[in-house]
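Work through the following exercises with the sequence and the model open. Each task is followed by a stepwise solution.

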Amino acid sequence: DRGRGNGGFLPAGPLREPLSRLNLADAVLASNLTCHALAEQLGMPEARHWHSVRVCLSGFKHAASGKTLGLEEARQQWQSTPVASFTGLGNPEKLFGALRQAGIVLNASLALPDHHDYPTGFCEQFEEQVLITSGKDAVKLWPHDPRLWIADIQVALPTPLTQALEDHIGRSTD
């Protein structure tokens, strides 16, 4: 989404490495956009080792019990329940936007610094009855808060990419 941004490297810009390194990678993944759109954003030609992948919210997992809810089930159960979401993802709006797009009404959303170090009792600051975060954040939190749910994210990989992976590392057992 951020493309080349200002062309600067972290922390001054969005890049971790020079864009020229994309030509040396085994695969480049364009998340929720076409490879053509990625090439336009980056101002460089599209290459054969680029693949478009679909990343989407598929449901929720209760941190304390492991119970899962599908999107429709969660939407119905939380329809009149105050919900808050927080995350320390590099682009927190991806999570918040996915929740809103799924019809989850957020009473509050809190964007934290990337790789946030959660203090003990972090969730106690929220009055909402449902708290939603990412899996990346959930592993840093006390999992027994009965209000805490983890957004389940699914990634759909295109066949040419899975074939290339299998050719490189061997076939998966499932």
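**Exercise 1.** Find the strand that pairs with strand E1 (residues 28-31), and give the direction of the pairing.

Solution. The model is a predicted one.
- Step 1: E1 is joined by 4 bridges to strand E2 (residues 50-62), and the two run parallel.
- Step 2: To locate the pairing, take Leu29, which stands opposite His51 in E2.

**Exercise 2.** Which bridge partners do Leu57 and Phe60 have, and in which strands do these partners lie?

Solution.
- Step 1: E2 pairs with strand E7 (residues 148-156) through 8 bridges, in the antiparallel sense.
- Step 2: Within that strand, Ile153 is the bridge partner of Leu57.
- Step 3: E2 also runs antiparallel to strand E3 (residues 68-70), with 3 bridges joining them.
- Step 4: In E3, Leu69 is the bridge partner of Phe60.

**Exercise 3.** Describe the connection between E2 and E3.

Solution.
- Step 1: The two strands form a hairpin, with 5 residues between them.
- Step 2: In the turn, look at Gly66, whose phi is positive, about 85°.

**Exercise 4.** Decide whether Ser85 is buried or exposed, and state what its side chain reaches.

Solution.
- Step 1: Place Ser85 in strand E4 (residues 83-87).
- Step 2: The relative accessible area of Ser85 is 0%. The cut-off for buried is under 20%, so Ser85 is buried.
- Step 3: The Ser85 side chain reaches the backbone oxygen of Ile132 at 3.0 Å.
- Step 4: Setting aside neighbours within four places in sequence, the residues in contact with Ser85 include Leu95, Phe96, Leu99, Leu106 and Ile132.

How values were computed: Residues are numbered from 1 along each chain as its sequence is written. This is a predicted model: local features need pLDDT of at least 70, side-chain atom pairs count only at pLDDT 80 or more; totals for chains, interfaces and linings use all residues. Side-chain values use heavy atoms; hydrogens and water are left out. Two strands pair if DSSP finds at least two bridges between them. Buried means under 20% relative accessible area, exposed over 50%, partly exposed in between (1.4 Å probe, protein chains only). A polar contact is a pair of N or O atoms within 3.5 Å; within protein, one must be able to donate a hydrogen and the other to accept it, and residues adjacent in sequence count only if both atoms are side-chain atoms. Contact means heavy atoms within 4.5 Å.
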